[in-house]
Amino acid sequence: MGGAFVSGRITLREMVLCSLFTALIAVGAFIKIPVPVVPFTLQLLFTTLAGLLMGSRLGFFSVAIYILMGLIGVPVFTEGGGLGYIFKPTFGYLLGFAVGSYITGRIAESVINPSFSRLIVASFAGLFFVYLLGLVYCYLISNFIIHSPLGFKALIIYCFLLAIPGDILLCLLSAFLSKRLKFLS
């Protein structure tokens, strides 16, 4: 499916799919379980599925459109929207969603019919980048920009340990759904 995008043309079907995933990511932001610092949402499920089902470029494109919508003021993020959102400690996770979707898609699309285990590996690779960007951004913004000190121990507890169990389940669910949905298409 990504071949048309590589040539510079996006088919109507691809535009519709990208729009659908952008909308799903926005909806996923509002399905949340409150935990301290970083709320647990279903955004990861939809950003991972975007990469697994549409490939790296279209998955990234869907997430990038979501981020741009939020930055121009459409309240699609968990706490609203607007350009000032870049100063929120959680903005790094949004950037991580875009990179994670791309990485997930690259690994999944590297073979014609990826196995369930490949889809799991792709999902976890994407998750790694979500957390890498999210944690680094949260630490830097908190400590050096908004001057709301966050120690390394608190960062690991609140921004990693509390959220990772649910995100592991979402990665497994993404791989399962992707395998089932690709089989049906």
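**Reading salt bridges and cores**

Me: How many salt bridges does the structure hold?

Reply: This is a predicted model, and it holds two salt bridges.

Me: Which side chain does Lys88 meet in a salt bridge, and are the two partners buried or exposed?

Reply: A salt bridge pairs a side-chain nitrogen of Lys or Arg with a carboxyl oxygen of Asp or Glu within 4 Å. Here, Lys88 pairs with Glu79 at 3.2 Å, N to O. Lys88 has 29% relative accessibility and counts as partly exposed; Glu79, at 46%, is also partly exposed.

Me: And where do Arg106 and Glu109 sit relative to each other?

Reply: Both belong to helix H5 (residues 91-109), and because they are three residues apart there, about one helical turn separates them. Their side chains form a salt bridge at 3.9 Å, N to O. Arg106 is partly exposed with a relative accessible area of 46%, and Glu109 is partly exposed at 38%.

Me: Now the nonpolar side: which residues have the most contacts inside the largest core?

Reply: In soluble globular proteins, nonpolar side chains tend to be buried together. In this model, the largest nonpolar core has 38 residues, and Leu44, Tyr66, Ile67, Phe77, Leu94 and Tyr131 have the most contacts inside it. Elements giving two or more residues to this core include helix H2 (12-30), helix H4 (56-71) and helix H6 (116-145). H3 gives the most, with seven residues.

Me: What does Leu94 touch?

Reply: Leaving aside residues up to four places away in sequence, Leu94 touches Gln43, Val63, Tyr66, Ile67, Phe77 and Tyr85. There is also a second, separate core of six residues, among them Leu52, Leu119, Ala122 and Ala175.

Definitions and conventions. Residues numbered from 1 in each chain as written. Predicted model: local features only at pLDDT ≥ 70, side-chain atom pairs only at ≥ 80, totals over all residues. Heavy atoms only, no water. Buried < 20%, exposed > 50% of the residue type's maximum accessible area, 1.4 Å probe, protein only. Helix = DSSP H or I, 4+ residues; strand = E, 2+ residues; numbered from the N terminus. Core = buried A, V, L, I, M, F, W, Y, C linked by side-chain atoms within 4.5 Å. Contact = heavy atoms within 4.5 Å.
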